[in-house]
Amino acid sequence: MKPVFAVIFLLCLVFSSSLFEVTMAASGFCDSKCSVRCSKAGIKDRCLKYCGICCEKCKCVPSGTYGNKHECPCYRDMKNSKGKPKCP
């Protein structure tokens with residue numbers, strides 16, 4: 001019985017570490033895309049925060065530092081509580 005538990009434990013460990021890498025890869029994607037998107041922002045911290053939120057949800061960030069939101073409809077259509085665009 002003990003070898004079976006050891007094998008199950010190792011499989012769980014390998015599976016969980018692969019999920020962790022996928023999560024970290026997505027975060028790295030958003031960090032790099034948002035740093036480009038917010039490079040010319042007046043309030044960079046706020047831009048990076050909201051860009052990161054939008055990127056994690058939409059899995060995309062429009063190219064360039066302004067505009068081009070047609071490239072990512074989810075990013076374009078997210079609104080804040082006041083009905084204004086949420087994503088920079």
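I started with the fold and counted three helices and zero strands in the protein. This is a predicted model, so noted before going further. Walking from the N terminus, I get the order α-α-α.

Next I looked up burial. Of the 88 residues in the protein, 18% come out as buried. For the surface, I have an accessible area of about 6,500 Å². Carbon and sulfur atoms hold 66% of that area.

Then contacts. I took those with a separation of 6 or more, and 43% of them join residues 24 or more positions apart.

Backbone angles came after that. Which residue in the loop between α2 (44–58) and α3 (73–77) did I check for exposure? It was K59. Its phi is near 65°, and I flagged K59 since this is a positive value in a residue other than glycine. Is K59 buried or exposed? I have K59 down as exposed, because its relative accessibility is 55% and the cut-off for exposed is over 50%.

I made a second entry for N68, which also sits in the loop between α2 and α3. The phi of N68 is positive, about 60°, and N68 is not a glycine either. How does N68 count in accessibility terms? At 30% relative accessibility I put N68 down as partly exposed, because that value falls between the buried limit of 20% and the exposed limit of 50%.

To wrap up the loop page: K59 and N68 both lie between α2 and α3, and both have positive phi without being glycine.

Methods:
Residues are numbered from 1 along each chain as its sequence is written. This is a predicted model: local features need pLDDT of at least 70, side-chain atom pairs count only at pLDDT 80 or more; totals for chains, interfaces and linings use all residues. Side-chain values use heavy atoms; hydrogens and water are left out. Helices (H or I, at least four residues) and strands (E, at least two) are DSSP runs, numbered from the N terminus. Buried means under 20% relative accessible area, exposed over 50%, partly exposed in between (1.4 Å probe, protein chains only). Contact means heavy atoms within 4.5 Å. Accessible areas come from the Shrake-Rupley method with a 1.4 Å probe; for residues, only the protein chains shown count as cover.
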